[in-house]
Amino acid sequence: MTSDGFELKSVTKKYGETTALDGVSFTASRRESTAILGPSGCGKSTVLRLLAGLEVPTNGRILLDDKVVSETGRVVTPPHRRGVSLVFQDLALWPNLSILDNVVLGLSGLRLSKKEAETRARKTLTLCSIESLADRKPGGVSGGQEQRAALARALAPEPAFLLLDEPFSGLDLVTKKKLLEDIANLSSERKITTVLVTHDPQEARTLCGRAIVLRDGRLEELGSWSDLLESPRSDILRLFREHLGT
Amino acid sequence: MPSPLLLERPGRWSQGAAAVLLLLVALPAAPLLWSALSSLGELGSSDSGVFVGRAFAVALLNSAVVALLVAALSLLLGLPAGVCLALYNFPGRRVLFALLVFPLLVPSFLWAIGWSSLSAHVGPAISGVSGCVIAFTSPAVALSLLASYAATQALTASQVDSARIAGGERTVIAQACRHAAIPTLLAASLAGVLTLQDPGPGQILGLKTAASEILTSFSALFDFALAGRQCAALTLLVLVITVPLACFSAPRIAHQILARQTGKPRPHTHRGVASLAALGIGLMVLISVFLPLLGLTLPTLRAPEFLRAWQRALERALEEVARTGTDTLVYAAGAAVISVTLSLLLVLSVGRDPRLRIAVVAACFILFSLPSALSALGILQIAAEAPAWADPLLRSPIAVCGALGLRFFPVATLLSLRAWGSTSSSWTMAAAVHGVSAGKYVWKVILPVLLPSLVVSALLVSLLATADVGTVLLLHPPGRSSLPLAIFTVMANARESLVATLCLLYAAIAVGLLIAAETVLRRKAT
């Protein structure tokens, strides 16, 4: 059977003596956005970094559309050839560059001409409603605007997968809600599959059709929201169901 | 296309690159140490008097006594002063801080001349061991004060506040002193060790020191082998002190050197403590800076026709500055470029690897404490044995720049390590995800972010290199002296007023550069 999207096969990741992921296997299909849930330190961000090709699996294989992109001890396909973009938890905007230049430099992997890159960057800034901030530096704008700048940089290369590493932590409720709606709309408009790492099931359900729950580096449960909420095994989803019930 | 992730994933290449760079810095000292060790066998005697000369053994003891006293004094004065400057606000705080740090950036012999002149005109005789201790204390206190200040600043605002709530200002000061004690002890020890290699105050204040004996062996006795052996003996003493210190403190310093995202303690206004701190620090500035500076001005002020004497001395001093200015600038700029470039390469190799970072901090501490004459004499030995075609490299200003650059490379490296610590690994990962090549990433993001720190680093190295008389004295080509060396060489024969004016001019230039560095730092902060 062939799969469209990412597939992790018995992936283990160790940092020195610490095991961040222990033999995790799952599929993140192109057809449906996936949320990765779990408490702090359960290995959520590690999964995302492995998918992006930023970390090397200690053991196991990662496939993208049935092709091995990472395997034990090596990254076969480098990050910029995987068709992924990543919005980091700390946003990772380059502080010395203007927001426009951040997006332009983010297009380096496409080898566009300077003019083409700038045109595409401006278009993406408009899409993310921050065209007026093009010449401002990341440090000189609000938290919500910074999130949008990071999103614009991630969307500009038109990736197939948008990986989001807890990008809404530290945002107020109103800004977070608006941003979630915008990401959901942009993803469906541009046919981008989102993989969201979060510890907030509410965020996850707004953006993704299915979820994976990790605990202590192991897969605890996975499935669509309706299945998961019907008989949750993990504490996080049990509590979430109780919360929804009230 | 190399990935920027290379910078975040240190491997064998980074260990290799770091080792090569550190070896390059230590390389000029190697031939001298080698020949000194081989000559030990040839002499066939274990008597240290035969190996280095009996006078040197006495001088080494003198130097060790001075170093010990200077280290103790600088710890006693620098620790509380740094803590108070970091924690309390009082009128003139920044100016007093700058004035206390200032002695670090001018040659120590300037302070010795100031004290010598002051004692000759108005006070009791200042000479010998006590004189050297007094002259060396100004720059030594500056070094320990900087360490104590930086360590206190590494405390978070909430740590300071919780100490204040728990037991008031006494607890705050006690906790801060405890926190800053080890870095300050290290800085004070370094300050003490650095006095071992400085010939200036000893020569001016009539004390035979190890460093001045090495200079005498080389310049007056023309005995290169003896100078080499003496230098090796001094290096051995330095290593005995610094290696255990470096091993003990490097892990802590490597951790503290990292920039933090937490709130720094804001200077607190507490009338009682602030007044006491202002009084104590003001007194320190008066004794360690203003009194020797007064000593420098006295010869001119006391001249029969003050204004005319001043004018004559100033004209003559300006001529000297014009004569030596270009070479001074060349040496300073060359040293800055070499040390900052090497330090940047080293920091990019080390990346965020904690073990490599500790190793580099320890190596920097040891390298910086080695006698400057070691590298200079090593280069001279290489030049003596090298073919004639190497002369334009080994017997030219390039050699001086190279020796000074390598000498102050550890200072630039520590500053660059701190600057690198302020960058985020996720910037590099973002660059990798977006297909930005390593070169483009370094050029477009890393270098601009590090630039202010590199500029400050370059300014600091150029000031320290200018103040280093020993290296220039040993290596400068004929007729290409630096300003401090010119002062050092004319001070025995020239008029007192001329020497004093030259010293004051030098101090004024150093102040100008200090203000420039402060401006850059402020811009960086905003």
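Begin by selecting chain B of this predicted model and colouring it by confidence: the mean pLDDT of chain B is 86, and 95% of its residues reach 70 or more. Within that chain, go next to helix α3 of chain B, residues 48–52, where confidence is lowest at a mean of 59, and then move to helix α18 of chain B, residues 425–433, where confidence is highest, at 93.

Now bring both chains into view, keeping in mind that the predictor assigns the complex an ipTM of 0.90 together with a pTM of 0.84. Where the chains meet, 19 residues of chain A are in contact with 17 residues of chain B. On the chain A side of this contact, select strand β7 of chain A, residues 84–87, which supplies the largest share, 3 residues. Coloured by residue class, the side of chain A that touches chain B shows 12 nonpolar, 6 polar and 1 charged residues.

Return to chain B for the last stop, and select helix α11 of chain B, residues 224–256, along with helix α15 of chain B, residues 372–385, which pack at an angle of about 145° with their axes 9 Å apart. As you rotate the view, look for the left-handed crossing in which α11(B) passes α15(B). To see what meets there, show the side chains of B:A227, B:G228, B:C231 and B:T235 in α11(B), and opposite them B:A373, B:L374 and B:L377 in α15(B). By class, the contact between α11(B) and α15(B) has 5 nonpolar and 2 polar residues, with no charged residues.

Terms used
Residues are numbered from 1 along each chain as its sequence is written. Chains are lettered from A and ligands numbered from 1 in the order in which they are written. This is a predicted model: local features need pLDDT of at least 70, side-chain atom pairs count only at pLDDT 80 or more; totals for chains, interfaces and linings use all residues. Axes are lines fitted to C-alpha atoms, for helices over the stretch in contact, and angles run from 0 to 180 degrees between N-to-C directions. Helices (H or I, at least four residues) and strands (E, at least two) are DSSP runs, numbered from the N terminus. A crossing is left-handed if the near helix is turned anticlockwise from the far one by less than a right angle, and right-handed if clockwise. Two residues are in contact if their C-beta atoms, placed from the backbone, lie within 7 Å. Ala, Val, Leu, Ile, Met, Phe, Trp, Tyr, Cys and Pro count as nonpolar, Asp, Glu, Lys and Arg as charged, and the others, Gly among them, as polar. pLDDT is the predictor's confidence in each residue, from 0 to 100.
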